[in-house]
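Hi everyone, thanks for coming. I'd like to walk you through one structure today, so let's put it up on the screen.

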Amino acid sequence: MSKTFLGGQGRRNFMQSALIAAIALTGIGTAQAQSGAPAKISTVYTGDVINGKKVVSSLNTSDLEPGKKHLLYFQGVQMSTGQYWYVSVIVAKGVKPGKRITLTSGVHGDEMSSVHTVQTVMNQLNPAEMSGTVMAVLDIARPAMESMQRRWPSTGRGFELTDMNREWPGNENGLGAVSRQAGLVFNRLLKPNTDLAIDFHTGTTGLDVAAFHIGDMRIPDVKTMMMLYPVPAIWDNPAYPGVLHNAYIDAGIPAFTPEVGPARRLDLDMIPIFVEGTMNVFKHYGVVPGAIGRTAVDANVYIGESAVPVLSTHGGFIQLLVKLNAKVAPGQKLAIQRNAFGEVVAEYTSPVNGLVGGLRSDATSEPGNVLFFILADAEPVPGAAPYSE
Ligand SMILES: [Zn+2]
């Protein structure tokens with residue numbers, strides 16, 4: 001939906017007003033005006049039980065019994081059939097009070113290593129020896145996950161795909177299902193129960209990435225958390241509006257995004273360093289006992305201020321000349337592109353000194369696709385295509 005197409009902000013406001021009027025008529029959501037959350041959230045059980053798990057429409061983890069793991073479904077938005085998209089929630093509630101740390105995955109539907117990382121961490125927790133609470137929300141963009149694709153399929157104006165990680169903090173009464181899902185999950189599940197947050201991602205279909213974090217090193221707790229991982233690279237950047245970790249930060253909750261390798265499959269070599277780092281975060285903040293393991297210092301971490309993209313200028317078949325994590329220099333050849341006759345139509349070089357943080361994994365490319373992004377010390381390039389975490 002572009003502002004231009006709708007005739008600008010006035011049109012948007014009109015549609016919002018019309019929607020609010022419709023809500024008032026039906027009585028739906030009148031307790032939750034606009035996107036505002038209630039001052040204090042309480043746990044609301046819908047009365048439904050699915051596969052043995054109780055369903056909640058809002059959650060306050062302080063209502064849950066200490067010293068246990070709780071498996072719940074959170075009731076998200078309705079589908080066009082009138083059924084609901086439920087989200088899987090695990091709460092490991094310690095016997096003693098302490099920090100509340102939230103782990104999320106599945107904001108993009110093709111990012112499987114992020115789910116497995118969170119599952120593995122939760123399996124290692126013993127609430128009987130914890131001080132504080134760890135909550136995991138595993139499949140936030142359920143319909144995207146059901147079809148193993150990045151974006152959420154919705155039907156408001158015919159079938160369309162929406163990137164949920166440009167929608168946060170969402171709007172419970174928004175016009176689109178994705179914005180409403182973001183609003184419900186953020187207001188009734190994540191924000192009220194979180195002191196520190198980690199939103200796990202991977203590369204996306206067609207673009208493999210190295211192991212790295214995205215986060216703003218100027219925020220002390222964000223820097224502390226990222227440096228507790230034995231992960232070899234950090235993109236020191238607040239990324240862009242609408243991503244979940246920035247919605248947390250706007251709400252005063254330190255948060256960042258680990259990137260756990262390629263999309264669609266489990267990278268069982270890479271997942272353990274993210275599990276170890278997450279357990280280090282719990283230990284550092286006193287949520288679980290034990291000694292800190294390997295950290296960023298052990299991984300000889302590289303910290304880059306920008307992710308410089310190298311874009312395809314032609315259509316054709318791409319032959320990569322470098323691998324992930326390669327150190328590259330300005331002018332170094334990165335890829336060759338050929339047409340269907342085998343004639344070379346383009347050669348691509350690195351514009352900067354840096355580390356290959358991502359590369360195209362599909363062997364063809366249209367003009368404008370990201371072929372590489374280079375984690376670099378260089379200033380961000382104005383107007384450059386952002387890394388699509
Ligand atoms: Zn993602």
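Let me start with a question: which residue does the side chain of Arg360 meet in a salt bridge? The partner is Asp362, with a distance of 3.9 Å from N to O. Before you read too much into any distance, please keep in mind that this is a predicted model. A salt bridge here needs the nitrogen within 4 Å of the carboxyl oxygen, so the pair of Arg360 and Asp362 at 3.9 Å qualifies. How accessible are the two partners? Arg360 has 15% relative accessibility and counts as buried, while Asp362 is partly exposed, with a relative accessible area of 36%.

Now let's look at the other salt bridges. By the rule used here, the count comes to 11. As a general reminder, side chains of opposite charge can pair when their charged atoms come close.

One of these salt bridges is between Asp163 and Arg150, whose side chains meet at 3.0 Å, N to O. Asp163 sits in the loop between strand S8 (160–162) and helix H5 (177–190), and Arg150 in the loop between helix H4 (142–146) and strand S7 (152–154), so this pair ties together parts that are 13 residues apart in sequence. Are these two buried or exposed? Both Asp163 and Arg150 are buried.

Another salt bridge brings together the side chains of Arg294 and Glu276, at 2.6 Å, N to O. This pair links distant parts of the chain: Glu276 belongs to helix H8 (271–284), and Arg294, 18 residues away, to the loop between H8 and strand S14 (302–304). Arg294 is partly exposed at a relative accessible area of 44%, and Glu276 is partly exposed too, at 21%.

Let's move to the metal, which I suspect many of you were waiting for. Which residues coordinate the zinc ion? They are His108 and His201, each through ND1, and Glu111, which is listed twice through OE, at 2.0 to 2.4 Å. Along the sequence, the donor residues follow the spacing H-x2-E-x89-H. Glu111 is in the loop between strand S5 (96–104) and helix H3 (112–123), whereas His201 is in the loop between strand S9 (196–199) and strand S10 (207–209), so the pair ties together parts that are 90 residues apart in sequence. Both Glu111 and His201 are buried. As for geometry, the site has 4 donor atoms with angles of 57 to 142 degrees among them, and it is irregular.

Back to Arg150 and Asp163 for a moment. Salt bridges that share partners join them with Glu111 into one network, and Glu111 is also a zinc ligand.

Next, some strands. S1 (residues 44–50) and S2 (residues 53–58) pair in the antiparallel sense over 4 bridges, and Val49 has Lys54 in S2 as its bridge partner. The hairpin of S1 and S2 has 2 residues between the strands, and Asn51 there takes a positive phi near 50 degrees. S2 also runs parallel to strand S3 (residues 68–78), joined by 3 bridges, and Val55 stands opposite Tyr73 in S3.

I'll finish with Val185, which lies in helix H5. Val185 is buried, with a relative accessible area of 0%. Leaving aside neighbours within four places in sequence, what does Val185 contact? Its contacts are Phe74, Ile140, Trp168 and Leu190. The C-alpha atoms of Val185 and Gln75 are separated by 8.9 Å, although the two residues are 110 apart along the chain.

Methods:
Residues numbered from 1 in each chain as written. Predicted model: local features only at pLDDT ≥ 70, side-chain atom pairs only at ≥ 80, totals over all residues. Heavy atoms only, no water. Donors = N, O, S within 2.8 Å, 3.2 Å for Na, K, Ca; no water. Tetrahedral: all angles 85-135°; square planar, octahedral: opposite > 155°, others 65-115°. Buried < 20%, exposed > 50% of the residue type's maximum accessible area, 1.4 Å probe, protein only. Pairing = 2+ DSSP bridges. Contact = heavy atoms within 4.5 Å.
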